[in-house]
Amino acid sequence: MDEKIAKLIEKMKADNIKFIRLQFVDLHGIPKNVSIPFKADDMEDIVEKGVLFDGSSIAGFVGVNASDLVLKPDISTYSALSWRPEESASCRLICDIYTPDGKPFAGDPRGILKRSLNKIKEMGYTYNIGPEPEFFIVDTDEDGYPIPHDTAGYFDVEPIDKGADFRRELTINLQELGFEVEASHHEVGPGQNEIAFKFDDALKTADAVITFKQAIKAIVANMADFDGLDYRVTFMPKPFFGEPGSGMHCHQSLFKDGKNIFADDESESGLSQEAMWFIGGLLKHSAAITAVTNPIVNSYKRLVPGYEAPVYITYGLQNRSALIRVPSARGKATRIEYRSPDPTCNPYLAFAVMLEAGMDGIKNKIDPGEPTEINIYDLSEEERDEQGIELLPSSLWEAYHTFETNEVMKEALGEHIFNAFLDSKYKEWDEYRVQVFGYEQKKYLNL
């Protein structure tokens, strides 16, 4: 037996594992799993041969005429699930998806990111990324409508901040899952929170984002059940009118031979030429990227000019009003922050398209121009036009129409996912545009 598999089995026995969740995500980044009993004698076959499942029932996968797919667990992703009872302990193994003939499945989002990372690995690069997913803890009012769990604001403390106990419990559980939590705090909006975890390799980080969202929802639901209350977590980008939305700013850098190639101590800005070109690529393709990083109708209720949203296609050094911000840290910590993504995105696809756009910038030496150092929020539309500052798409419709003509996006996602994603966005927009909302009834019913 392979030594790594033998060590995994010993670890599972030590953790008193009774059930294994073989986990993957669908096209939209929604976690899926099949649970199987843990039997030590079966583990070698499970790891090496995989487990068959019906791919025709998963969004964006395959039709019923070719439905069989295979889950093969990545044993490096083993984690006991801290929110499950000890007497029936469960673990999770994230899987890659294959066709029955042993080929990587073209519709596997995790496989898409691995493909992009393998391309830059051949060039000697590694891609690190550190996301900051924000979320709301919501309660319900006496009529059953969702409301923020508290009225606190940025960095507030108890008693106005009612999220402190949640964040403490969540941090402990996330650490048990192997997360290196760097900080947690109340965010700007009422009921809004953030837990930041360590910058890491993009594949590990994408896995972590999926686990993070799943764990937080499960842990808070368990706490609510224990308290007999009705609060829960939402990663919806804009759950409340007039309040800040939830983003997932993505800090990113490229390393080569252990060195951060975005850093250059000799340049005035501390940024290398590669960093500037990478920024140029992100800016050039940002409108198309938005379809993937901001993938739902509600995403564009957050991306609205005039509400301090990161919608202005430019970059700045420390400038939080620009789409891309370069934090002040330099040396090994040099990085760029892409600020528009929100936590409803599929992280595997989002990281892949950002990486491919940045690498296109390096390949074609795309100049991002001069940084924007003024507060763009204070500029009028005419002043922004004079400076050539364009806006991100203002709707899902606009985003996917830009996305569908972008060759870098097609290359990044591959034909299968590109077409499946586009088809799903057409359907989502058509579903949305025919709805009649309460706002329209109040405004127009008496006409």
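This report walks through some charged pairs, a helix and two surface patches in a predicted model.

**Salt bridges inside helices**

Let us start with charges that pair up. The structure holds 17 salt bridges, and three of them make a good starting set. The table lists these pairs with the distance between their N and O atoms.

| Pair | N to O distance | Helix |
|---|---|---|
| Lys-7 and Glu-3 | 3.4 Å | H1 (residues 3-14) |
| Lys-49 and Asp-45 | 3.8 Å | H2 (residues 43-49) |
| Lys-427 and Asp-423 | 3.2 Å | H12 (residues 407-433) |

What separates Lys-7 and Glu-3 along helix H1? They are four residues apart, so about one helical turn lies between them. The spacing of Lys-49 and Asp-45 in helix H2 is also four residues, or about one helical turn. In helix H12, Lys-427 and Asp-423 are again four residues apart, about one turn of the helix.

Now look at how open these residues are to the outside. Lys-7 and Glu-3 are both exposed. Lys-49 is exposed because its relative accessible area is 60%, and the cut-off for exposed is over 50%. Its partner Asp-45 has 42% relative accessibility, so Asp-45 counts as partly exposed. For the pair in helix H12, Lys-427 counts as exposed at 54% relative accessibility, while Asp-423, at 39%, counts as partly exposed. Salt bridges can also link up through shared partners: Asp-74, Asp-96, Arg-110, Lys-114 and Asp-207 are joined in this way into one network.

**A helix on the inside**

Next comes helix H6, which covers residues 273-284 and has twelve residues. From its first C-alpha to its last it reaches 16 Å, close to the 16 Å expected at 1.5 Å a residue. Is H6 largely enclosed or largely open? Nine of its twelve residues are buried, so H6 is largely enclosed by the rest of the structure. You can pick out the buried residues in the 3D view: Ala-275, Met-276, Trp-277, Phe-278, Ile-279, Gly-280, Gly-281, Leu-282 and Leu-283. To be called buried, a residue needs a relative accessible area under 20%.

**Two patches on the surface**

Let us move to the outside. Which residues gather in a patch of negative charge on the surface? They are Glu-381, Glu-382, Glu-383, Asp-385 and Glu-386. One of them, Glu-382, is found in helix H10, which spans residues 381-386. With a relative accessible area of 53%, Glu-382 is exposed.

The other patch is nonpolar. Phe-437, Tyr-439, Tyr-444 and Leu-447 make this surface patch, with an area of about 520 Å². Phe-437 sits in the loop between H12 and helix H13 (438-444). Its relative accessibility is 37%, so Phe-437 counts as partly exposed.

**Across the structure**

Helix H13 also holds Lys-443, which counts as partly exposed at 48% relative accessibility. How far apart are Lys-443 and Leu-379 in space, C-alpha to C-alpha? The distance is 31 Å, and the two are 64 residues apart in sequence. Try finding both in the 3D view, and then look for helix H12, home of the Lys-427 and Asp-423 pair.

Methods: Residues are numbered from 1 along each chain as its sequence is written. This is a predicted model: local features need pLDDT of at least 70, side-chain atom pairs count only at pLDDT 80 or more; totals for chains, interfaces and linings use all residues. Side-chain values use heavy atoms; hydrogens and water are left out. Patches are made of residues with over 30% relative accessible area and no salt bridge: like charges are joined within 9 Å, nonpolar side chains (Val, Leu, Ile, Met, Phe, Trp, Tyr) within 5 Å. Accessible areas come from the Shrake-Rupley method with a 1.4 Å probe; for residues, only the protein chains shown count as cover. A salt bridge is a side-chain nitrogen of Lys or Arg within 4 Å of a carboxyl oxygen of Asp or Glu. Lys and Arg count as positive and Asp and Glu as negative; His and the chain ends are not counted. The place of a charge is taken as NZ of Lys, CZ of Arg, CG of Asp or CD of Glu. Helices (H or I, at least four residues) and strands (E, at least two) are DSSP runs, numbered from the N terminus. Buried means under 20% relative accessible area, exposed over 50%, partly exposed in between (1.4 Å probe, protein chains only). The expected span of a helix is 1.5 Å times one less than its number of residues.
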